[in-house]
Amino acid sequence: MNKNTFIEKVLEAEHTLYHVSKSILIYDQDCEDAVQGAILKAYDKLNTLKEEKYFKTWLIRILINECYSLKRRASKVVPYEECIEVYNDDKKDYSELYLAICKLPPRIRITIVLYYIEGYCVDEIKEILKIPSGTVKSRLSKGRKLLKIKLKNMEVIYE
């Protein structure tokens, strides 16, 4: 794969990379750092990609590892007031569904985002997350149940 093809494929995957990183990390700045780090690592290790058709899956796997690496390294202490301001500002811009997805446990959240938002099938998610397909299916099922409960609770609050 040459440099121009790499750039094209990264640009095609841009939205997916952001959605996946946002499902793991909270802050946009951290998401941007993770995406940039993943792209740099992918470019450095481009020779390890066996088949070009799996580029996007390979890049998402690198991104997921980078996100978890950032989470481990980040031991930031954020003042309570700052958290409340950020949360309240964000709440105005997003739908109830988005907020409910953000409140899901991380393992379920990433599976829901890959399946429903990014359109990956169970087998592709199995490869990306390196888990059995039965685990993917059970996480999707649990995620749907949790979202139903969370959205029902939000509905009661707004009535």
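**Notebook: Lys130 and helix α3**

I started with Lys130, which is exposed, at a relative accessible area of 64%. This is a predicted model. I checked the backbone there too: Lys130 is not a glycine, yet its phi is positive, about 55 degrees. That caught my eye because most residues other than glycine have a negative phi. I then looked up where Lys130 sits, and found it in the loop between α8 (122-129) and α9 (133-158).

Next, the whole chain. I counted 9 helices and 0 strands, so to speak a plain α-α-α-α-α-α-α-α-α when read along the sequence. Of the 159 residues, 35% are buried. I noted an exposed area of about 10500 Å², with carbon and sulfur atoms supplying 53% of it. For contacts between residues at least 6 apart in sequence, 67% join residues at least 24 apart.

Then I went to α3, residues 28-44. At 1.5 Å a residue its 17 residues should span 24 Å, and the end C-alpha atoms are indeed 24 Å apart, so the two agree.

Which residues of α3 are buried? I listed Asp30, Cys31, Ala34, Val35, Gly37, Ala38 and Ala42. They cover an arc of only 165 degrees around the axis, which puts them on the same side of α3. The spacing rule I had in mind: an α-helix has 3.6 residues a turn, so residues three or four places apart point the same way.

What do the buried residues of α3 pack against? I found α1 (3-12), α2 (14-24) and α4 (55-73). On the face turned away from the buried side of α3, I noted the exposed residues Gln29, Gln36, Leu40 and Asp44.

Conventions. Residues numbered from 1 in each chain as written. Predicted model: local features only at pLDDT ≥ 70, side-chain atom pairs only at ≥ 80, totals over all residues. Heavy atoms only, no water. Helix = DSSP H or I, 4+ residues; strand = E, 2+ residues; numbered from the N terminus. Buried < 20%, exposed > 50% of the residue type's maximum accessible area, 1.4 Å probe, protein only. Contact = heavy atoms within 4.5 Å. Areas by Shrake-Rupley, 256 points an atom, 1.4 Å probe, with all protein chains shown as cover. Expected span 1.5 Å × (residues − 1). Arc of directions from axis to C-beta.
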